[in-house]
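Biologist: I am new to this one. Please show me the chain, and then I will ask about it piece by piece.

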Amino acid sequence: MSPRVVLIGAPGAGKSTVGALLANYLDCDFVDSDEVIVAEEKMSIADIFVEKSESYFRSIEKSIVLRLLTDATGVLALGGGSVMDEGVQQALQGLEVVWLEITLAEAVHRVGLNQSRPLLLGNVRSNMKNLLATRNAIYEKLATIKVDAANSPEAIVRLIAEKIATP
C-alpha cells in the first residue's frame, strides 16, 4: 500500500498543519515523517543534528521515509529535506505529491527564530533563501499538484481535495 497524498515543501509551508486537516477531511490517517523520527529516536530533530550529526539524521530520515512511503495509507507529510535523496525521489514516482509552495518572505515569517529547525539557525533569511534555491526545483519536479501555501490551512485543504478528486 502507499499513501493517498504526500505533502512536500519547505520548512514553514504548513505540511504538518495541512496534513492533519486534510486527513481529517478525507477521513484517513495522518503521518508526519518528522514526528516518526522523533518518536523512534527519542530525541528532537535539533538534538539529533547536534548529538549525532546531520548525516546520521539524513540516513535515518531516508530509511523512515522509504518505509512510510510503503506503509502509510492516508496523508503523509515529509520533512522538507527528505526529498533531496534520490531514493526518496524515485519512491515518490507514481504517487499523488502535493507541493505546498511558499515564498521566502512567508517562510521566514512563519519559522522566525525557531530553534527546532537546525538548518535555519543563524541568519534565518539567508539560510532559508539558500534552502529554497536548492530545494524548489526538486519540489517542482516531484509535485503532481502545486498549492500556494500562503492561503489559510482550510483553503489549502479545499484546494487539494478538489484537485485530487479531479482525474
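Biologist: Which residues of H4 are buried?

Modeller: First, the ground rules: this is a predicted model, where local features need pLDDT of at least 70, side-chain atom pairs count only at pLDDT 80 or more, and totals for chains, interfaces and linings use all residues. Residues are numbered from 1 along each chain as its sequence is written, and side-chain values use heavy atoms, with hydrogens and water left out. Buried means under 20% relative accessible area, exposed over 50%, partly exposed in between, with a 1.4 Å probe and protein chains only. By that rule, the buried residues of H4 are Phe57, Ile60, Glu61, Ile64, Val65, Leu68 and Leu69.

Biologist: What arc do they cover around the axis?

Modeller: The arc is taken from the directions from the helix axis to the C-beta atoms. The buried residues lie on the same side of H4, because their arc is only 170°.

Biologist: How far apart are the end C-alpha atoms of H4?

Modeller: Helices are DSSP runs of H or I with at least four residues, strands are runs of E with at least two, and both are numbered from the N terminus. The expected span is 1.5 Å times one less than the number of residues. H4 holds 18 residues, 54-71, so it should span 26 Å. The model agrees, with the end C-alpha atoms at 25 Å.

Biologist: What is the strand order in the open sheet?

Modeller: Two strands pair if DSSP finds at least two bridges between them. The sheet has five strands with parallel pairing, in the order S2-S3-S1-S4-S5.

Biologist: Which are the edge strands?

Modeller: An edge strand here pairs on one side only. That picks out S2 (30-32) and S5 (145-148).

Biologist: Which residue stands opposite Val5?

Modeller: Strand S1 (residues 5-8) runs parallel to strand S3 (residues 75-77), and three bridges join them. Opposite Val5, in S3, stands Val75.

Biologist: Is Gln93 buried or exposed?

Modeller: Gln93 sits in the loop between H5 and strand S4 (97-101). Its relative accessibility is 54%, so Gln93 counts as exposed.

Biologist: Which backbone oxygen does the side chain of Gln93 reach?

Modeller: The separation is 3.3 Å. The partner is the backbone oxygen of Gln89.

Biologist: What separates the C-alpha atoms of Gln93 and Leu142?

Modeller: Along the chain, Gln93 and Leu142 are 49 residues apart. In space, their C-alpha atoms are separated by 7.5 Å.

Note on methods. Polar contact = N/O pair within 3.5 Å; in protein donor to acceptor, adjacent residues only side chain to side chain.
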